[in-house]
Amino acid sequence: MDLLNTLVDKGLRRELPTREEALAVLATSDDELLDVVAAAGKVRRQWFGRRVKLNYLVNLKSGLCPEDCSYCSQRLGSKAEILKYTWLKPEEATQAAAAGVAGGAKRVCLVASGRGPTDRDVDRVGKTIEAIKEGNEGVEVCACLGLLSDGQAERLRDAGADAYNHNLNTSEATYGEITKTHTYADRVDTVQKAHAAGLSACSGLIAGMGESDEDLIDVVYALRELDADSVPVNFLIPFEGTPLAKEWNLTPQRALRILAMVRFVCPDVEVRIAGGREVHLRTMQPLALHLANSIFLGDYLTSEGQAGQADLDMIADAGFEVEGAGTTTLPAHRSEATAAVAAAPAGGVCGSGSGAAPAAAGCGSACGGCSGHDAAPAQADAGEVRSDLVAVRRRGAGTDLAPNA
Ligand code: SF4
């Protein structure tokens, strides 16, 4: 297939595919799917070998958010019966993080619901970061606290944060249909603040919210433009009690095509399979490891994932290896660029990109008001309703039960 040969060549050269080429990946048929996975797998192996990075989520503050992101079980007015609690104490967060690190996680992602942190919240999270770093040598810490005000990214960096996550989630054109309480521009601004402070930028998307193929291409090209180091790809978990509860739009095949497209557009970036992995990829998860080089270990923010041991077994059975703490995730040309930004005097950053931080890596749901999927021949895009696979998290952070790691 000429398309796939072209995309592999471009991916190996870190050259941006055309929008038409990226759209064509999403439009491939199920008969072509294994060829698509094999092609994107070549690009993945060029930059990341057979390594899989494990990340561990710690939900520092759950639910009761004043924002109205319609995909999110923690949103204003959510009827989802999730765990709700205010800030974990640093020692509680450290204990949860240590379980993830013991399970093989290289990065701990500290996430808090809310529009954005107060300066006091930043102090609190700073203490937590220091405690985690002290107790777990070599661990990377990413903070995900919402929209940042001036100076907060620098304070998180000074406390030891390596990265900041804030997802763009969907295209600029459809953002207003998903969330009314803040804007796409607000999100871009926070990604740029994190990047300018020298934090590694983590920013991704949520697929399955009723968006069109063009919307998916728009957001992935925007992430490339922002130069995020990590791109979490969430697949909407349609939580009962949220506006997007009925949006079951994804099939395992569609999820694989989306991951392949992201790999071709962002070839040398950490592509992470985020929320919804088990729900939407199901038994096809091992194939997705040929596309993404990173996953979350264990549970998500408000929902349960498969057992941490099942994650490890899957990686080994598929012929991949867990990335060790001594290995640099990103290819040298990217990691050196991030280090140079971190070392630059304040304000001396930027260029074409920056990192974004995951706003809510685990939340997901769909936009009832968005335009439908593009009709693609020879493939089924409507997903089966599998609410039986959505389990609200009842263990780990904020409970008395041991975390899943
Ligand atoms: S995604 Fe974040 S900001 Fe939006 S409702 Fe959920 S917790 Fe709040």
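At what angle do helix H9 and helix H10 pack, and how far apart are their axes? The structure shown above is a predicted model, and this pair of helices is a convenient place to begin reading it. Two packed helices are described by the angle between their axes and the distance between the axes. Helix H9 covers residues 213-226 and helix H10 covers residues 252-265; the angle between them is about 35°, and their axes lie 10 Å apart. The crossing in which H9 passes H10 is right-handed. On the H9 side, the contact is formed by Leu216, Val220, Tyr221 and Arg224, while H10 contributes Ile258, Met261, Val262 and Val265. Sorted by chemical character, the residues of this contact comprise 7 nonpolar, no polar and 1 charged.

Beyond helix H9, the chain enters a loop that leads to strand E7 (230-235), and Asp227 is found in this loop. The backbone of Asp227 deserves attention: its phi is near 65°, a positive value in a residue other than glycine. Is Asp227 buried or exposed? Asp227 counts as buried because it has 23 C-beta neighbours inside 10 Å, and the threshold for that class is 20 or more.

A wider view is given by the UniProt record. An unreviewed entry there places the feature "domain: Radical SAM core" at residues 47-277. Over this stretch the chain is 39% helix and 18% strand. The C-alpha atoms at the two ends of the stretch are 22 Å apart.

The strands may be considered next. Strand E1 (residues 51-61) pairs with E2 in the parallel sense, over 6 bridges. One of the paired positions is Lys61, whose bridge partner in E2 is Ala112. In a regular strand the side chains alternate between the two faces of the sheet. For E2, Arg107, Cys109 and Val111 point one way, whereas Val108, Leu110 and Ala112 point the other way. How many of the residues of E2 are buried? The count is 6 of the 6, so E2 is largely enclosed by the rest of the structure.

Strand E2, which spans residues 107-112, also holds Cys109. This cysteine is among the positions that UniProt, in an unreviewed entry, lists for "binding site": Cys109, Cys142, Cys202 and Arg272. These positions are spread over 164 residues of sequence, yet they cluster in space, with a largest C-alpha distance of 13.9 Å. Cys109 is classed as buried because it has 29 C-beta neighbours inside 10 Å. Cys142 belongs to strand E3 (residues 140-144). Cys142 is likewise buried, since 28 other C-beta atoms lie within 10 Å.

UniProt also places the feature "binding site", again from an unreviewed entry, at Cys65, Cys69 and Cys72. Cys65 is situated in the loop between E1 and H4, and Cys72 also has its place in the loop between E1 and H4. Why is Cys65 classed as buried? The reason is that 24 other C-beta atoms lie within 10 Å of Cys65. Cys72 is buried as well, because 32 other C-beta atoms lie within 10 Å. When neighbours within four places in sequence are left aside, Cys65 is in contact with Gln74, Arg75, Leu76, Ser113 and Gly114.

Leu64 is found in the loop between E1 and helix H4 (90-102). Leu64 is not a glycine, but its phi is positive, at about 60°. With 15 C-beta neighbours inside 10 Å, Leu64 counts as partly exposed, because that class lies between the limits of 12 or fewer for exposed and 20 or more for buried.

Two further residues complete the account, and each lies in a helix. Ala196 is part of helix H8 (residues 184-196). It is buried, because 20 other C-beta atoms lie within 10 Å. The C-alpha atom of Ala196 is separated by 40 Å from that of Gly383, and the two residues are 187 residues apart along the chain.

Ile315 lies in helix H13, which covers residues 308-317. Ile315 is buried, with 23 other C-beta atoms within 10 Å. Not counting residues up to four places away in sequence, Ile315 touches Val52, Leu289, Phe320 and Val322. Between the C-alpha atoms of Ile315 and Leu60 the separation is 28 Å, and these residues are 255 residues apart along the chain.

Key
Residues are numbered from 1 along each chain as its sequence is written. This is a predicted model: local features need pLDDT of at least 70, side-chain atom pairs count only at pLDDT 80 or more; totals for chains, interfaces and linings use all residues. Helices (H or I, at least four residues) and strands (E, at least two) are DSSP runs, numbered from the N terminus. Two residues are in contact if their C-beta atoms, placed from the backbone, lie within 7 Å. Axes are lines fitted to C-alpha atoms, for helices over the stretch in contact, and angles run from 0 to 180 degrees between N-to-C directions. A crossing is left-handed if the near helix is turned anticlockwise from the far one by less than a right angle, and right-handed if clockwise. Ala, Val, Leu, Ile, Met, Phe, Trp, Tyr, Cys and Pro count as nonpolar, Asp, Glu, Lys and Arg as charged, and the others, Gly among them, as polar. UniProt positions are given in the numbering used here, feature names are shortened, and annotations may be inferred rather than shown by experiment. Two strands pair if DSSP finds at least two bridges between them.
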